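Hi,

I am passing a structure on to you, with some notes on what turned up in it. Could you look through it alongside the notes below?

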Amino acid sequence: MSGDSSKSIRPLPPALQKVAIEELNEVPSRVESDVATLKEWLQKQPHICACLEDQFLLSFLRGSKFSLEKAKQKIDRFYSLQAVIPEVFNEHRLADDPQVLEIIRMGVILRIPLDKEDTGPAVTIIRAGSYDLSKFKFQDIIRVGSMFGEIMMLEDDNASVSGYLEIMDMSGVTGANLFALQPQLLSKFSAYADEAMPTRQKGIHFINVPKAFEVGFKSLLGWFPGKIKERVSVSSDPEAIFERVPKQYLPVEYGGTKGTMKDITTAMEAKLSSYRDYFEDCQHFGTNDKLREEPTNLNPEESHFGLDGSFRQLVID
């Protein structure tokens, strides 16, 4: 990332700006000073070493509907909770890590670009059955997903204003894939995404679910926090994707008209490469609780994580 990027705030397209004003309490004339206030607070916190780029901080303000206190809490949690998910946040989380690149090239995760005028949520397709189980763990897939989640935070205005949808394509999924899902990690990471990521998840839609799995699958949803469960749908209908994503955005492999999956993965690899410095910096960002001046005030009702960062196992119905 270029050195001056900490000083620039990208103007929103008019239609998204309207959504940000109406739904996120954004006051365009105040955005710069709000970002400066959050930055100043972060610079005074001895226990947090954080990214200080304006656009990064703005995504936390939007994700907190411009409540400065909520944004502070979210950004603190963003870094402190990463430390308790070492399966994902580790030394492999780099733009030129061979494993990361291989996962992108396999097309396990597809970021679907929207038209400039579209005010809908950002869209990601995750092809759960398309990776080699003997070579990768599910946590490796989540790691790459989390990297693109952060890129989305930094540069996808649809994601930071209107949230994001995840389409989980279960084509070709076998019992072995489901067994490899690491439900405890999935549960922990979905709680992190909900509590600490500034972009709001608007839905997880499982498509092409093999008929044999539909029942077992719905019981797997017991692992998800309650409010996430409400945003989940499960379908075996191959047409279900079009209810969520217009054909003009999808690659030909999904019955769409916009290029191929290879076009998408090539663009994603180039995009990740442009964030090389950012992900190297991320290796040094984090929190140090020994230096924390005020105790964390995590309300047990608000967090799935204990004060010491331990993850409270969700009660399975």
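Let me start with one residue: R276 counts as partly exposed, at 32% relative accessibility. Here buried stands for under 20% relative accessible area, exposed for over 50%, and partly exposed for anything in between, with a 1.4 Å probe and protein chains only. This is a predicted model, in which local features need pLDDT of at least 70 and side-chain atom pairs count only at pLDDT 80 or more, while totals for chains, interfaces and linings use all residues. Residues are numbered from 1 along each chain as its sequence is written, and side-chain values use heavy atoms, with hydrogens and water left out.

First, the overall picture. The protein has 14 helices and seven strands, where helices (H or I, at least four residues) and strands (E, at least two) are DSSP runs numbered from the N terminus. Of its 317 residues, 53% count as buried. Among contacts (heavy atoms within 4.5 Å) with a separation of 6 or more, 77% are between residues 24 or more positions apart.

Now back to R276 and its partner. Side chains of opposite charge can pair when their charged atoms come close. R276 and D96 do this in a salt bridge, at 3.3 Å from N to O; the term asks for a side-chain nitrogen of Lys or Arg within 4 Å of a carboxyl oxygen of Asp or Glu. R276 belongs to helix α14 (residues 276-282) and D96 to the loop between α4 and α5, so the pair links distant parts of the chain, 180 residues apart. D96 is also partly exposed, at 38% relative accessibility.

The whole structure holds 18 salt bridges. Here are two more of them.

- D157 pairs with R10, their closest N and O atoms being 2.9 Å apart. D157 sits in helix α7 (residues 157-162) and R10 in the segment before α1 (14-24), 147 residues apart. D157 is buried at 11% relative accessible area, whereas R10 is partly exposed at 29%.
- R292 pairs with D76, with 2.7 Å between the closest N and O atoms. R292 lies in the segment after β7 (286-287) and D76 in helix α4 (residues 68-82), 216 residues apart. Both R292 and D76 are buried.

D76 leads us to α4, its helix. How many residues of α4 are buried? The count is 11 of 15, so α4 is largely enclosed by the rest of the structure. Among the buried ones are D76, F78, Y79 and L81. The buried residues of α4 pack against α2 (31-43), β1 (48-49), α3 (54-63), α6 (138-155), α9 (183-196) and β7. From first C-alpha to last, α4 reaches 21 Å, close to the 21 Å expected at 1.5 Å a residue; that expected span is 1.5 Å times one less than the number of residues.

One of those packing partners, α3, is mostly covered, with 10 of its 10 residues buried. They include F56, S59 and R62. Just after α3, K65 takes a positive phi of about 50°. Two residues of α3 come up again in the surroundings of S160: leaving aside neighbours within four places in sequence, S160 is in contact with L24, S59, R62 and T199. S160 lies in helix α7 and is buried, at 5% relative accessibility.

Next, a helix pair to look at. The axes of α5 (residues 98-105) and α13 (residues 261-273) come within 9 Å and cross at roughly 155°. Axes are lines fitted to C-alpha atoms, for helices over the stretch in contact, and angles run from 0 to 180 degrees between N-to-C directions. The two helices are therefore roughly antiparallel to each other (under 35 degrees is roughly parallel, over 145 roughly antiparallel, 65 to 115 roughly perpendicular, and the rest oblique). V100, L101, I104 and R105 of α5 meet T265, M268, E269 and L272 of α13. These residues divide into five nonpolar, one polar and two charged; Ala, Val, Leu, Ile, Met, Phe, Trp, Tyr, Cys and Pro count as nonpolar, Asp, Glu, Lys and Arg as charged, and the others, Gly among them, as polar.

Finally, W223 is in the loop between α10 (214-220) and α11 (226-229). W223 is partly exposed, with a relative accessible area of 25%. From C-alpha to C-alpha, W223 and S190 are 9.5 Å apart, with their positions 33 residues apart in sequence.

Best wishes
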